[in-house]
Amino acid sequence: MIPALSIALYIAQFTAPTIIAAIQAGFSAVSGGGTSYEAAILLSVVMLLWVGVFDRKKN
Amino acid sequence: MFIQDHRRWRLMLAILSLSLLTVMAGAAVAPALDVIQQHFSGEPVILIQLIISMPALFIAITNLFFGKLCALFKGRTLTLTGLAFYVVFGCAAGLCSNIYLLLICRALVGVGVGIIMPMSTGLITYYFTRDKQDTLMGYSSAMNMMGGVVATLIAGFLAMVSWRLSFLVYLLGLISIVLVLLWMPNERIFQQKTSSKKKHENIFAGYYPWIVGMFLLMVNFFNYPSNFALEVSKSGVVSSSLVPVIMAGMDIFGFIGGLLFPKCKTAMGNRSKYIAPVLFILGYIALQSAGGLLLTLIGSFMVGAANGIGVPYFISTASAKAGANAATP
């Protein structure tokens, strides 16, 4: 299980710029611009929802 | 001191020196990213960001074959091979004037770290008894973050002279090469484990909440080293000479966050799962507001602390579920 977490960690490092760039492009299409920080705020909210949801599922 | 009191302290130092090089291997040259982008100004930004993230992909790929490599080579031989990749291709990237050649060097650094990283913890469990392992794992984790601080500062200051020089930060691997050559025995240390596709599928099915959580955590965190230097350059709110210092400060807060995690978990219990995402949200809001040095510092430190708390949260909660089999694939 630890190696699976380790692979997730490094795959995330590799894909992070692409994911952030894709979200920024989405923001640009909607509002005409967007920084990497705005994309990160959105992803942080997704993470907040994820930890809330999966923990409820665990219990 | 624990290390000097131990009869195998030389071996311990050799193994712990590996931990200095691993987690932030890709991000070591992040403070130089803005200068590198200026040199490769005609290339897409995503290629420039790949300089930071490319090693991670090859670390993950090499991890998949680590068991097979261990079956073929003895421990010291394999460790020295990984370190040689780290030093040679880490430094060679600074000689490249073609972005694609540079990215190939970064991929080969990833292969090196993909060997060094499992060695840095695997050798602890192989050579030391259970009662020493927890302390050494703690030291190993602290060395990870300290490696980030040292590498970020050195690379940042070298980048002020030339972006090419910033890649000389990978010469830090020479320290480990000397220690491993002198003090590590050359033994066959791991047994190859067979794993079927079904087993990997079961691992994902059983642990996907933590695997996806770790993925989201790292995408959020890695946005910082990938973009901070570029965003600062665009907004101009902070002098670019402060970038390496701020990024090293972020690593220090990650180190502090990791140390505080057990206390946070005791105090907040199950609600400790919210600490990392909330710190990320507040940190990136502070950075987005671009209100000058103070908010940039607060935002950076919050992002570092979020990572420092989030990583042990996912590892410890998943390990609690896995029990004694946590370390096996």
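Trainee: Let's start with one residue. Where is Ser300(B) found?

Mentor: Ser300(B) sits in helix α14 of chain B, which covers residues 293-322. Keep in mind as we go that this is a predicted model.

Trainee: How do I read burial here? Is Ser300(B) buried or exposed?

Mentor: Look at the relative accessible area: under 20% means buried, and over 50% means exposed. Ser300(B) has a relative accessible area of 0%, so it is buried.

Trainee: And which residues does Ser300(B) touch?

Mentor: Leave out anything up to four places away in sequence, and Ser300(B) touches Tyr224(B), Phe228(B), Ile246(B), Met250(B) and Leu287(B).

Trainee: Let me try another serine. Where is Ser240(B) found?

Mentor: Ser240(B) is in a loop of chain B, the one between α11 (197-235) and α12 (243-268).

Trainee: Does Ser240(B) count as buried or exposed?

Mentor: Use the cut-off of over 50% for exposed. Ser240(B) has 52% relative accessibility, so it counts as exposed.

Trainee: How many Å separate the C-alpha atoms of Ser240(B) and Ala318(B)?

Mentor: Those C-alpha atoms are 40 Å apart, with the two positions 78 residues apart along the chain.

Trainee: Let's step back. How many helices and strands are there in chain B?

Mentor: Chain B has 14 helices and zero strands. Reading along the sequence, the pattern is just α repeated: α-α-α-α-α-α-α-α-α-α-α-α-α-α.

Trainee: What share of the residues of chain B count as buried?

Mentor: Of its 329 residues, 52% count as buried.

Trainee: What about contacts between residues far along the sequence? What part of the contacts in chain B with a separation of 6 or more do residues 24 or more positions apart account for?

Mentor: They account for 80% of those contacts.

Trainee: How should I think about a nonpolar core?

Mentor: In soluble globular proteins, nonpolar side chains tend to be buried together. Here, the largest nonpolar core has 112 residues. The members that touch the most others are Ile51(B), Phe167(B), Tyr170(B), Tyr224(B), Phe228(B), Tyr284(B) and Phe314(B).

Trainee: Take one of those. Which residues does Ile51(B) touch?

Mentor: Skipping residues up to four places away in sequence, Ile51(B) touches Gly26(B), Val29(B), Ile36(B), Ile99(B), Leu102(B), Leu103(B), Arg106(B) and Phe167(B).

Trainee: Now a pair of helices. At roughly what angle do the axes of α2 and α7 of chain B cross?

Mentor: Start with the angle, then ask about direction and handedness. The axes of α2 (residues 9-19) and α7 (residues 99-127) of chain B come within 8 Å and cross at roughly 150 degrees. An angle over 145 degrees counts as roughly antiparallel, and α2(B) and α7(B) are therefore roughly antiparallel to each other. Their crossing is left-handed.

Trainee: Which residues make the contact of α2(B) and α7(B)?

Mentor: From α2(B) you have Leu11(B), Ile15(B), Leu18(B) and Ser19(B), and from α7(B) you have Ile116(B), Met119(B), Ser120(B), Leu123(B), Ile124(B) and Tyr127(B). Sorted by type, that gives eight nonpolar, two polar and no charged.

Trainee: Can we repeat that with another pair? At roughly what angle do the axes of α6 and α10 of chain B cross?

Mentor: Helix α6 (residues 75-92) and helix α10 (residues 173-183) of chain B have axes that come within 9 Å and cross at roughly 160 degrees. That makes α6(B) roughly antiparallel to α10(B). The crossing of α6(B) and α10(B) is left-handed. Among the contact residues are Arg76(B), Thr79(B) and Leu80(B) of α6(B), and Gly173(B), Leu174(B) and Ser176(B) of α10(B). The residues of this contact divide into nine nonpolar, three polar and one charged.

Trainee: And how do α4(B) and α7(B) cross, left-handed or right-handed?

Mentor: α4(B) passes α7(B) in a right-handed crossing. Their axes come within 7 Å and cross at roughly 35 degrees. This contact has 19 nonpolar, four polar and one charged residues.

Trainee: One more residue. Which helix is Gln49(B) found in?

Mentor: Gln49(B) is in α4 (residues 45-64) of chain B. With a relative accessible area of 5%, Gln49(B) is buried. Apart from residues up to four places away in sequence, Gln49(B) touches Pro17(A), Ser226(B), Asn227(B) and Leu230(B).

Trainee: Last one: where does Met184(B) lie?

Mentor: Met184(B) lies in the loop between α10 and α11 of chain B. At 3% relative accessibility, Met184(B) counts as buried. Beyond its neighbours within four places in sequence, Met184(B) is in contact with Leu11(B), Ile15(B), Arg76(B), Thr79(B), Leu123(B) and Leu179(B).

How values were computed
Residues are numbered from 1 along each chain as its sequence is written. Chains are lettered from A and ligands numbered from 1 in the order in which they are written. This is a predicted model: local features need pLDDT of at least 70, side-chain atom pairs count only at pLDDT 80 or more; totals for chains, interfaces and linings use all residues. Side-chain values use heavy atoms; hydrogens and water are left out. Axes are lines fitted to C-alpha atoms, for helices over the stretch in contact, and angles run from 0 to 180 degrees between N-to-C directions. Helices (H or I, at least four residues) and strands (E, at least two) are DSSP runs, numbered from the N terminus. Angles under 35 degrees count as roughly parallel, over 145 as roughly antiparallel, 65 to 115 as roughly perpendicular and the rest as oblique. A crossing is left-handed if the near helix is turned anticlockwise from the far one by less than a right angle, and right-handed if clockwise. Contact means heavy atoms within 4.5 Å. Ala, Val, Leu, Ile, Met, Phe, Trp, Tyr, Cys and Pro count as nonpolar, Asp, Glu, Lys and Arg as charged, and the others, Gly among them, as polar. A nonpolar core is a set of buried Ala, Val, Leu, Ile, Met, Phe, Trp, Tyr and Cys residues joined through side-chain atoms within 4.5 Å. Buried means under 20% relative accessible area, exposed over 50%, partly exposed in between (1.4 Å probe, protein chains only).
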